[in-house]
Amino acid sequence: MYKLISASAVCFFVFILWILYLANTGGNSLFFDFIRSIPYGDKLGHMGLFGFLTLAAVIGSKFRAFQCGKLNVYYGAVLVALFTIGEEFSQLFISSRTFDLLDLAANFVGIALAVSIAYLTNRYLIKRL
């Protein structure tokens, strides 16, 4: 099951890279049109994309974590967080893009929600099976 989720995470990451390529090159997509039609769709899209990627990365890595003080930190969440920081700040150097701190915040809300879901899933579902 973990291999399937890991493969799904890789496929979803490739999908996100494709979306980023379209955005960086000024391309258009049905996804962009759909997101624009929803109030706050851009922010909801950021939360959903990076939240789902985080959840898949955490589960796919079998909930591996490291200690940071008293807090367990999932490796998958750290990787997604580093990627999202790099991606958002890279927009400062791409003329067709605009750096937006609210987009970065939406990414981190998605990551935080996914980490919470992963923690609850691991604690109450996976360990009891």
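This report walks through the helices, the hairpin, the aromatic pairs and the cysteines of one structure. Keep in mind as you read that the model is predicted.

**Starting with helix H1**

Let's begin with helix H1, which covers residues 2–24. H1 is built from 23 residues, and its first and last C-alpha atoms sit 32 Å apart, close to the 33 Å expected at 1.5 Å a residue. Which residues of H1 are buried? They are Ile5, Ala9, Phe12, Ile16, Ile19, Leu20, Leu22 and Ala23. The cover over these buried residues of H1 includes helix H2 (30–36), helix H3 (41–60) and H4. After H1 comes glycine 26, and its phi is positive, near 75 degrees.

**A small hairpin**

Next up are the strands. Strand S1 takes in residues 65–68 and strand S2 takes in residues 71–74, and the two pair in the antiparallel sense over four bridges. You can follow the partners across the hairpin: glutamine 67 has asparagine 72 in S2 as its bridge partner, while cysteine 68 stands opposite leucine 71. Two residues lie between the strands of this hairpin, and glycine 69 has a positive phi there, near 70 degrees.

**Helix H4 and its two sides**

Helix H4 runs over residues 75–90. With 16 residues at 1.5 Å a residue, H4 should span 22 Å, and its end C-alpha atoms are indeed 22 Å apart, so the two values agree. Where do the buried residues of H4 lie around the axis? First, here is who they are: Gly76, Ala77, Val80, Ala81, Thr84, Glu87 and Glu88. They take up an arc of only 135 degrees around the axis, so they are on the same side of H4.

Turn to the other side of H4 and you find Leu79 and Leu82, which are exposed. Take leucine 79: its relative accessible area is 60%, and exposed means over 50%, so leucine 79 counts as exposed. Leucine 79 is also handy for seeing how sequence and space relate. Leucine 79 and alanine 7 are 72 residues apart in sequence, with 16 Å between their C-alpha atoms in space.

**Rings that pair up**

How many aromatic pairs does a search of the whole structure find? The search turns up 10. One of them joins phenylalanine 13 and phenylalanine 83, with 5.0 Å from centre to centre and 70 degrees between the planes, which makes the pair edge-to-face. This pair links distant parts of the chain, as phenylalanine 13 belongs to H1 and phenylalanine 83 to H4, 70 residues apart.

Now for another pair, phenylalanine 89 with phenylalanine 99. Their ring centres are 4.9 Å apart and their planes meet at 40 degrees, so this pair is tilted. Here too, distant parts of the chain are linked: phenylalanine 89 is in H4, while phenylalanine 99 is in the loop between H4 and helix H5 (101–126), 10 residues apart.

How open to the outside are these four rings' residues? The table gives the values.

| Residue | Relative accessible area | Class |
|---|---|---|
| Phenylalanine 13 | 30% | partly exposed |
| Phenylalanine 83 | 22% | partly exposed |
| Phenylalanine 89 | 38% | partly exposed |
| Phenylalanine 99 | 26% | partly exposed |

Aromatic residues also gather in a group: Phe12, Phe15, Trp18, Phe31 and Phe52 make up one aromatic cluster. You have met Phe12 already, among the buried residues of H1.

**Aspartate 103 in H5**

Over in helix H5 you'll find aspartate 103. Is aspartate 103 buried or exposed? Its relative accessible area is 7%, and buried means under 20%, so aspartate 103 is buried. Who touches it? Setting aside neighbours within four places in sequence, aspartate 103 is in contact with Asp42, Lys43, His46 and Glu88. Glu88 is a name you have seen before, as one of the buried residues of H4.

**And the cysteines?**

A disulfide is a covalent bond between the sulfur atoms of two cysteines. How many disulfides does a search of the whole structure find? The result is zero. Two cysteines can still be placed by their accessibility. Cysteine 11 has 55% relative accessibility and counts as exposed. Cysteine 68, from the hairpin, comes out as partly exposed at 48%.

Key. Residues numbered from 1 in each chain as written. Predicted model: local features only at pLDDT ≥ 70, side-chain atom pairs only at ≥ 80, totals over all residues. Heavy atoms only, no water. Pairing = 2+ DSSP bridges. Buried < 20%, exposed > 50% of the residue type's maximum accessible area, 1.4 Å probe, protein only. Phe/Tyr/Trp six-rings, centres within 6.5 Å; stacked < 30°, edge-to-face > 60°. Expected span 1.5 Å × (residues − 1). Contact = heavy atoms within 4.5 Å. Arc of directions from axis to C-beta. Disulfide = S-S within 2.5 Å.
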